[in-house]
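Okay, thanks everyone for coming. I'd like to walk you through one model today, so have a look at the screen and stop me whenever you like.

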Amino acid sequence: MVAMAKLLLVLAVAILTISMVESKLKETNNAEEQHQLERVNGQGGQKNGKGSLQSSQCPEQCLRRCSKTRYKKPCLFFCLKCCRACLCVPSGYYGNKEECPCYNNWKTKRGGPRCP
């Protein structure tokens, strides 16, 4: 019985520790993304290169942008994320990223394009 109580206590501490680490990782990732966006958009809070869309228009524009891909879910996920940050979605189904500098310049940690 005592061994069972110790096991439950160790398990509870492990779960608590894992959730704290996970929370800290999310904070770090959000801070890194915010820093990268600031770098892409311009210095500090200055948002150069933002489009003229409103965030409420993003779902419709991303549905259009991702309509011809086989990978709709990831395309929509990243398109919506980029659109909400940049307020722009390039015309067409592929390419034309030069129309949206923020959308075009936002890169992954490996240097690849973040926005579809």
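**The overall layout**

Going along the sequence, the protein chain reads α-α-α-α. That's four helices and zero strands. Before we go further, please keep in mind that this is a predicted model. The chain has 116 residues, and 22% of them are buried.

**Helix H1 and its patch**

Let's start at the front end. Helix H1 covers residues 2-41, and leucine 11 lies in it. Which residues make the nonpolar surface patch? Met4, Leu8, Leu11 and Ile15 do, and the patch comes to about 420 Å². Take leucine 11 as a sample member: its relative accessibility is 48%, so it counts as partly exposed. The cut-off for exposed is over 50%, which is why I'm not calling leucine 11 exposed at 48%.

**The disulfides**

Now the part I expect this group to care about. How many disulfides does a search of the whole structure find? Six. If you count the bonded cysteines along the chain, the pairing pattern is 1-7, 2-5, 3-4, 6-12, 8-11, 9-10. I'll go through three of the links.

Here's one: cysteine 58 is joined to cysteine 83, with an S to S distance of 2.1 Å. Cysteine 58 lies in helix H2, residues 58-65, and cysteine 83 lies in helix H3, residues 72-86, so this pair ties together parts that are 25 residues apart in sequence. And the handedness? The torsion about the S-S bond is about -80°, so the disulfide is left-handed. As for burial, cysteine 58 has a relative accessible area of 0%, and cysteine 83 also comes out at 0%. Buried means under 20%, so cysteine 58 counts as buried, and so does cysteine 83.

Next, cysteine 62 and cysteine 79, which form a disulfide with their sulfur atoms 2.2 Å apart. Cysteine 62 is in helix H2 and cysteine 79 is in helix H3, so here the parts tied together are 17 residues apart in sequence. This link is left-handed, with -85° about the S-S bond. Are these two cysteines buried or exposed? Cysteine 62 is buried, and cysteine 79 is too.

So H2 and H3 are tied together by the pair of cysteine 58 and cysteine 83, and again by the pair of cysteine 62 and cysteine 79.

On to the link between cysteine 88 and cysteine 100, where the S to S distance is 1.8 Å. Both ends sit in the loop between H3 and helix H4 (101-105), 12 residues apart. The link of cysteine 88 and cysteine 100 is left-handed as well, at -55° about the S-S bond. Both of these cysteines are buried.

**Arginine 65**

Back to helix H2 for a moment, where arginine 65 lies. This one made me pause. Arginine 65 is buried and yet has no salt bridge. How far away is the nearest side chain of opposite charge? That is glutamate 99, at 6.6 Å. A salt bridge has to fall within 4 Å, so glutamate 99, at 6.6 Å, doesn't count as a partner. What we do find is the backbone oxygen of glycine 92, 3.4 Å from a polar atom of the arginine 65 side chain.

**The loop between H3 and H4**

Two residues here caught my eye for their backbone angles. As general background, most residues other than glycine have a negative phi. Leucine 87, in the loop between H3 and H4, has a positive phi, near 55°. Asparagine 96 is found in that loop too, and its phi is positive, near 60°. With a relative accessible area of 31%, asparagine 96 is partly exposed.

**The tail end**

Last stop: the segment after H4, where lysine 107 lies. Lysine 107 has 29% relative accessibility, so it counts as partly exposed. What lies 3.1 Å from a polar atom of the lysine 107 side chain? The backbone oxygen of asparagine 104.

**Wrapping up**

If you take a few things away, take these: a predicted model, a chain with four helices and zero strands, six disulfides, and a buried arginine 65 with no salt bridge. Okay, over to you.

Terms used
Residues are numbered from 1 along each chain as its sequence is written. This is a predicted model: local features need pLDDT of at least 70, side-chain atom pairs count only at pLDDT 80 or more; totals for chains, interfaces and linings use all residues. Side-chain values use heavy atoms; hydrogens and water are left out. Patches are made of residues with over 30% relative accessible area and no salt bridge: like charges are joined within 9 Å, nonpolar side chains (Val, Leu, Ile, Met, Phe, Trp, Tyr) within 5 Å. Accessible areas come from the Shrake-Rupley method with a 1.4 Å probe; for residues, only the protein chains shown count as cover. Helices (H or I, at least four residues) and strands (E, at least two) are DSSP runs, numbered from the N terminus. Buried means under 20% relative accessible area, exposed over 50%, partly exposed in between (1.4 Å probe, protein chains only). A disulfide is a pair of cysteine sulfur atoms within 2.5 Å. Lys and Arg count as positive and Asp and Glu as negative; His and the chain ends are not counted. A polar contact is a pair of N or O atoms within 3.5 Å; within protein, one must be able to donate a hydrogen and the other to accept it, and residues adjacent in sequence count only if both atoms are side-chain atoms.
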